[in-house]
Amino acid sequence: MRAKTAEDRALLELIDPVAESLGLAVVRVRLMGGTLRRRLQIMAERQVDHDISVEECARLSRAVSEVLDAADPISGEYLLEVSSPGIDRPLTRLIDFDLFEGLEARLETDRMVEGRKRFKGLLAGTEGEDVAIDLEGEDETALIPFAWLADAKLVLTDELLKRGAALRAARGEPEDDDLPEGAPEPEQSNPDSTKDDA
């Protein structure tokens, strides 16, 4: 789920080593838009604490731009956008389901599982290659193969907001970030990383 299309996967192969060299991990890569002006969105975080600063986003953006300019994997013009995964982040790796155990999430599968594709509940970690989730109104913990997931993300709840505030406080950051309560963290983009074939 870190990459959806073959094009995304090819880009991820180029971007992963760049991020790792900076001590970062790529959470997700998406190349979006039509043929005229596309947007390459990279979500990344530090490997050590699963956070990222604006400065680190800018550093990764510059480093990725150099690699993409040399490799030229995207035809036409595109905008490179590097950001944090945000507070209600996508869950794209098996380890994410252990890291965020106990928090509410929405999952969507690429096939029918017991008559449905959408699930909502509290994450209960992993068992082997399966994601464990305590679904609303169910007594048993459900196990869903990670390979069957098409999409997964945390649900923005009071508990998730409190967790984010506690992490910021632990880093010594101010509590009030001038965002309305419950707003997602702003994305960082680098307008200088536009490429044009002309």
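A residue counts as buried when its relative accessible area is under 20%, as exposed when over 50%, and as partly exposed in between (1.4 Å probe, protein chains only). By that yardstick Phe 97, at 0% relative accessibility, is buried, and Phe 146, at 19%, counts as buried too. The model is a predicted one, where local features need pLDDT of at least 70 and side-chain atom pairs count only at pLDDT 80 or more, while totals for chains, interfaces and linings use all residues. Residues are numbered from 1 along each chain as its sequence is written, and side-chain values use heavy atoms, with hydrogens and water left out.

Those two phenylalanines also make up the one aromatic pair found in a search of the whole structure (ring centres of Phe, Tyr or Trp, the last by its six-membered ring, within 6.5 Å; planes under 30 degrees apart are stacked, over 60 edge-to-face, the rest tilted). With centres 6.1 Å apart and planes at 75°, the Phe 97 and Phe 146 rings sit edge-to-face. Phe 97 belongs to helix 3 (residues 94–99) and Phe 146 to the loop between strand 7 (142–145) and strand 8 (149–154), so the pair links parts of the chain 49 residues apart. Helices (H or I, at least four residues) and strands (E, at least two) are DSSP runs numbered from the N terminus.

Turning to the sheet, three strands form an open arrangement in the order 1-2-3 with mixed pairing (two strands pair if DSSP finds at least two bridges between them). Strand 1 (24–32) and strand 3 (77–83) are the edges; each has a single partner strand, so one side of each lacks a neighbour in the sheet. Strand 1 runs antiparallel to strand 2 (residues 37–46), and eight bridges join them. Val 29 has Ile 42 in strand 2 as its bridge partner. Helix 1 (residues 6–21) packs on this sheet, touching strand 1 and strand 2 (contact: heavy atoms within 4.5 Å).

The largest nonpolar core (buried Ala, Val, Leu, Ile, Met, Phe, Trp, Tyr and Cys joined through side-chain atoms within 4.5 Å) has 22 residues. Leu 11, Ile 15, Val 29, Leu 40, Ile 42, Leu 60 and Val 64 touch the most other members. Helix 1, strand 1, strand 2, helix 2 and strand 3 each supply at least two residues, with the largest share, five, coming from helix 1. Setting aside neighbours within four places in sequence, Ile 15 contacts Val 26, Val 29, Leu 40, Ile 42 and Val 64. A second, separate core of 20 residues includes Leu 103, Leu 107, Leu 135 and Phe 146.

Key
Axes fitted to C-alpha atoms, helices over the stretch in contact; angles between N-to-C directions.
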